[in-house]
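Q: Please give a close description of the aromatic side chains and their surroundings in the structure shown below. A connected account in formal terms would be appreciated.

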Amino acid sequence: MSQPTYIILLGAPGAGKGTQAERLHERLGLTHVASGDLFRENVSKQTPLGLLAKSFMDKGELVPDDVTVRMVMERIARPDCARGVVFDGFPRTEAQARALDAAFAREGKRLRAVVLVAVRDEMLVERLTARWSCPTCNAVYNLLSNPPRVAGQCDRDNTPLVQRDDDKPETVRRRLEVYHQQTAPLIAYYRAAGLLREVNGAQSIEQVQAQIVQAIEEA
Ligand code: AP5
Ligand code: MG
Ligand code: ZN
């Protein structure tokens with residue numbers, strides 16, 4: 001079997017990481033591993049990890065690195081990740097990036113590319129306040145730019161769509177601050193490693209997807 005492909009999608013809240021990762025899954029067969037979705041699954045099942053994560057997520061803060069790293073490492077060890085993974089929302093701190101590097105070095109795995117989806121802050125706030133998502137399959141919609149076929153209901157499984165608790169304007173603003181303080185330094189980190197590719201996330205979903213695929217193919 002050929003080497004698995006590992007891609008990181010880096011970008012601010014609302015940049016379109018989840019939207020693009022789902023399409024990469026359909027297009028390249030990579031498994032979509034989203035730390036935020038994993039936390040939300042734990043919140044809805046009321047696991048101890050979920051209760052801990054919720055206390056941070058509701059404030060727009062990051063969940064501590066140790067529990068986050070452990071959760072993601074367990075996820076990518078499962079058989080459905082054997083062909084490769086697109087990471088969405090992980091890593092989000094330099095400590096998480098170093099932990100991923102160390103694990104990959106131990107296991108002989110290699111990151112293919114880190115794709116930064118760049119969008120300016122004002123547009124992000126606008127996108128997030130119009131976002132609705134499916135609690136069953138994590139599909140993401142937008143009332144303005146990407147509405148479901150039937151209002152309020154998922155195209156794939158008809159589940160009623162919900163708004164995320166952390167998409168309130170004040171929490172969105174805090175998430176953006178946290179992104180600039182704690183996650184944006186990863187741009188320099190991966191640029192120094194020669195892995196960074198940047199795409200303009202302010203284009204249509206299809207245009208952004210085409211540029212991401214091109215960036216991966218060129219990597
Ligand atoms: P997480 O779930 O990762 O949220 P996030 O990073 O804030 O990102 P979002 O999901 O809000 O945005 P997205 O980039 O996926 O955009 P989307 O595709 O939905 O994390 C949530 C919380 O969990 C964190 O705050 C933290 O507490 C915790 N957490 C998660 N990971 C962690 C980690 N590693 N360490 C510590 N804590 C962690 O798109 C947004 C909207 O825009 C949608 O409505 C979509 O339809 C629309 N849209 C997308 N693309 C376009 C386009 N090109 N044009 C127009 N509209 C578009
Ligand atoms: Mg997301
Ligand atoms: Zn669904």
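**Aromatic side chains and their surroundings**

A: In this predicted model, the side chain of Lys59 sits over the face of Phe56, 5.7 Å from the centre of the ring. Ring-to-ring pairing is a separate matter: searching the whole structure yields three aromatic pairs. One of these joins Tyr189 and Tyr190 in an edge-to-face arrangement, with 5.0 Å from centre to centre and 85 degrees between the planes. The angle is over 60 degrees, so the pair is classed as edge-to-face rather than tilted or stacked.

Both partners are shielded from solvent. Tyr189 has a relative accessible area of 16%, and because this is under 20%, Tyr189 is classed as buried. Tyr190 is likewise buried, at 1% relative accessibility.

Tyr190 belongs to helix α8, which spans residues 185-192. Once residues up to four places away in sequence are set aside, the contacts of Tyr190 are Ile8, Pro91, Ala97, Leu111, Val114, Leu195 and Leu196. A further relation in space links Tyr190 with Ala113: their C-alpha atoms are 8.9 Å apart, although 77 residues separate them in sequence.

For a second buried site, one may turn to Ser35 in helix α2, which covers residues 35-44. Ser35 has a relative accessibility of 3% and therefore counts as buried. Beyond its neighbours within four places in sequence, Ser35 contacts the aromatic residue Phe90, together with Met71, Val72, Asp88, Gly89 and Arg92.

Note on methods. Residues are numbered from 1 along each chain as its sequence is written. Chains are lettered from A and ligands numbered from 1 in the order in which they are written. This is a predicted model: local features need pLDDT of at least 70, side-chain atom pairs count only at pLDDT 80 or more; totals for chains, interfaces and linings use all residues. Side-chain values use heavy atoms; hydrogens and water are left out. Helices (H or I, at least four residues) and strands (E, at least two) are DSSP runs, numbered from the N terminus. Buried means under 20% relative accessible area, exposed over 50%, partly exposed in between (1.4 Å probe, protein chains only). Contact means heavy atoms within 4.5 Å. Rings of Phe, Tyr and Trp (its six-membered ring) pair if their centres lie within 6.5 Å; planes under 30 degrees apart count as stacked, over 60 as edge-to-face and the rest as tilted. A charge sits over a ring if NZ of Lys or CZ of Arg is within 6 Å of the ring centre and within 35 degrees of the ring normal.
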